[in-house]
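Could you walk me through how this fold is put together? I'd like the sheets, the helices across them and a few residues worth clicking on.

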Amino acid sequence: MLRIGTVVLGVQDVRRAAEFWGRALGYVPRDGEPSQDWVVLVPVDGPGTPVALGRSVTPVQEHPRVHLDLYADDAAEQADEVERLVALGAVRVDWDSYPEDPDFVVLADPEGNRFCVIDSSHGG
């Protein structure tokens, strides 16, 4: 049976992206310092899904077909995490597809890759 081993994001600046995602997720480079072309980040405190960052010249998609969902326990934690991520360099995305009562906030990392912060307690 197959399983997901690593999530891979394309980025223009591997070191900048590694700094953001490392601080955002509490991850560290698996094999030392990132190269200019590639790094695999892993949780500093044990098991979890690795995130690999690979140099890419492909433009960022405004409505990506694949993205990361990061889960917060409740609305207060979601708000705190959104503010923390923005302070790290993420930007809020003026998302045109929000439902009436969204449980998610769309952000973009410093490279422009979209991701969501989800309030996992949301009843909607």
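Here is a short tour of the sheets, the helices and some individual residues.

## Ground rules

This is a predicted model, so to speak: local features need pLDDT of at least 70, side-chain atom pairs count only at pLDDT 80 or more, and totals for chains, interfaces and linings use all residues. Residues are numbered from 1 along each chain as its sequence is written, and side-chain values use heavy atoms, with hydrogens and water left out.

Helices (H or I, at least four residues) and strands (E, at least two) are DSSP runs, numbered from the N terminus. Two strands pair if DSSP finds at least two bridges between them.

## The β1–β4 sheet

One open sheet has 4 strands in the order β1-β4-β3-β2, with mixed pairing. Its edge strands are β1 (7–11) and β2 (27–29), each paired on one side only. From one strand to the next, the twist averages 25 degrees; axes are lines fitted to C-alpha atoms, for helices over the stretch in contact, and angles run from 0 to 180 degrees between N-to-C directions.

Inside this sheet, β3 (38–43) and β4 (51–55) run antiparallel and are joined by 4 bridges. One of the residue pairs to look at is valine 39 with its bridge partner leucine 53 in β4. Helix α1 lies across β1, β2, β3 and β4, at about 165 degrees to β4.

## The β5–β8 sheet

Another open sheet has 4 strands in the order β5-β8-β7-β6, and its pairing is mixed. β5 (68–72) and β6 (91–92) stand at the edges with a single partner strand each, so one side of each has no neighbour in the sheet.

β5 runs parallel to β8 (114–119), and 5 bridges join them. Leucine 68 stands opposite phenylalanine 115, while leucine 70 has valine 117 as its bridge partner. In a regular strand the side chains alternate between the two faces of the sheet. In β5, Leu68, Leu70 and Ala72 point to one face and are buried, whereas Asp69 and Tyr71 point to the other and are not. Buried means under 20% relative accessible area, exposed over 50%, and partly exposed in between (1.4 Å probe, protein chains only).

## Helix α2

Helix α2 (75–88) lies across β5, β6, β7 (104–108) and β8, at about 155 degrees to β8. Aspartate 74 caps its N-terminal end, with a side-chain oxygen 3.2 Å from the backbone nitrogen of alanine 76. Just after α2, glycine 89 takes a positive phi of about 125 degrees.

Which residues of α2 are buried? They are Gln78, Val82 and Leu85. These cover an arc of only 70 degrees around the axis (taken from the directions from the helix axis to the C-beta atoms), which puts them on the same side of α2. Ala76, Asp80 and Ala87 are exposed on the other side. The cover over the buried residues includes α1 (14–25), β5, β6, β7 and β8.

## Two residues to click on

Glutamine 78, in helix α2, counts as buried because its relative accessibility is 11%. Its side chain reaches the backbone oxygen of valine 117 at 2.9 Å. Setting aside neighbours within four places in sequence, glutamine 78 is in contact (heavy atoms within 4.5 Å) with residues including Ala72, Phe104, Val117 and Asp119.

Tryptophan 95 is in the loop between β6 and β7. With the same neighbours within four places left aside, its contacts include Glu62, His63, Pro64 and Arg114.

Note on methods
Polar contact = N/O pair within 3.5 Å; in protein donor to acceptor, adjacent residues only side chain to side chain.
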